[in-house]
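Student: I'd like a close look at one part of this model, please. Could you take me through the sheet and what surrounds it?

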Amino acid sequence: MTQGKPPETAAATSVESSVQSSTEKSAEHWMQLALAAARQAQLLGEVPVGAVLVREGQLVAAGFNRPISTHDPSAHAEMAALREGARLLGNYRLPDCELYVTLEPCAMCAGAMLHARLKKVIFGAHDPKTGAGGSVINLFGEAQLNHQTVVEGGVLAQECGDLLKAFFAARRAAARAAPKNNPDPL
């Protein structure tokens with residue numbers, strides 16, 4: 001963390017410096033930044049999900065998962081990036097912004113993105129269990145809601161998915177290797 005800066009601001013600074021500059025700044029470029037943020041979460045023992053908020057081709061904010069370390073079920077990567085972006089831009093509405101996230105958003109995050117009026121949400125890996133960008137439900141395209149956000153999935157999906165798979169495989173291996181407590185020593 002950068003000294004004197006909130007974790008989300010420090011994350012954006014750290015993420016931005018960890019990826020080479022790109023003159024084109026493609027969707028893959030922004031997703032690489034989101035992956036760098038996800039790796040920060042992993043270093044803290046959090047599920048490695050990262051997000052970056054972009055406005056007019058410029059990085060506004062980055063966030064990574066922190067629900068375990070903060071004891072906050074809403075401390076998802078997307079929420080951190082949205083909160084910091086809204087703070088920096090001075091508005092909770094972010095209609096000129098795009099959010100890049102390594103994992104398909106859940107319903108909570110999708111709802112926040114809709115309230116923020118994001119222009120577009122781009123995600124990496126699909127989430128077949130809780131994905132609210134088309135895998136389980138597509139909240140972004142619900143005609144009954146007063147705002148719809150364009151959603152695109154599958155950007156660097158393999159790399160994003162591999163990071164998550166490796167994290168959970170390591171966690172399962174550690175659980176198997178941990179000594180079992182025997183409640184009955186006899």
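Student: To start at one place in it, how many bridges join E4 to E5, and do these strands run parallel or antiparallel?

Tutor: Happy to, and please keep in mind that this is a predicted model. E4 and E5 run parallel, and 4 bridges join them. Within that pairing, Val 121 stands opposite Val 151 in E5.

Let's place this pair in its sheet. The sheet is open and is formed by 5 strands in the order E2-E1-E3-E4-E5, with mixed pairing. Its edge strands are E2 (58-64) and E5 (150-153), each of which pairs on one side only. On average, neighbouring strands here are turned by 15° against each other, direction ignored.

On its other side, E4 meets E3, and the two run parallel with 5 bridges between them. Here Tyr 100 stands opposite Ile 122 in E4. To get from E3 to E4, the chain passes through helix H5 (residues 107-116), and this β-α-β crossover is right-handed. Strand E4 is mostly covered, with 5 of its 6 residues buried. Helix H6 (residues 157-177) lies across E3 and E4 (120-125), and its direction is at about 60° to E4.

The loop between E4 and E5 deserves a stop of its own, and Thr 149 lies in it. Is Thr 149 buried or exposed? Its relative accessibility is 5%, and because buried means under 20%, Thr 149 counts as buried. Leaving aside residues up to four places away in sequence, Thr 149 touches Met 113, Leu 114, Leu 118, Lys 119, Lys 120, Val 121 and Phe 140. One of these, Val 121, is the residue that stands opposite Val 151 in E5. The side chain of Thr 149 also makes a polar contact of 3.2 Å with the side chain of His 147.

Now to the E2 end of the strand order. Strand E1 (residues 50-55) runs antiparallel to E2, and 6 bridges join the two. Val 52 stands opposite Ala 62 in E2. Helix H4 (residues 77-89) packs on the sheet, where it touches E1, E2 and E3 (97-103). The direction of H4 makes about 140° with that of E2.

Tyr 100 brings us to the aromatic side chains, as the structure holds 2 aromatic pairs. In one of them, the ring centres of Trp 30 and Tyr 100 are 6.4 Å apart. Why is this pair called tilted? The planes of the two rings are at 35°, so the pair is tilted: planes under 30 degrees apart would count as stacked, and those over 60 as edge-to-face. The pair links distant parts of the chain, with Trp 30 in helix H2 (residues 27-43) and Tyr 100 in strand E3, 70 residues apart. Both Trp 30 and Tyr 100 are buried.

Phe 167 and Phe 168 also form an aromatic pair, and this one is edge-to-face, with 5.1 Å centre to centre and 80° between the planes. Phe 167 is buried, with a relative accessible area of 8%, whereas Phe 168 has 32% relative accessibility and therefore counts as partly exposed.

Back at your starting point, then: E4 runs parallel to E5 and also to E3, and 5 of the 6 residues of E4 are buried.

Methods. Residues numbered from 1 in each chain as written. Heavy atoms only, no water. Pairing = 2+ DSSP bridges. Axes fitted to C-alpha atoms, helices over the stretch in contact; angles between N-to-C directions. Contact = heavy atoms within 4.5 Å. Phe/Tyr/Trp six-rings, centres within 6.5 Å; stacked < 30°, edge-to-face > 60°. Buried < 20%, exposed > 50% of the residue type's maximum accessible area, 1.4 Å probe, protein only. Right-handed = clockwise from strand over helix to strand, strands pointing away. Polar contact = N/O pair within 3.5 Å; in protein donor to acceptor, adjacent residues only side chain to side chain.
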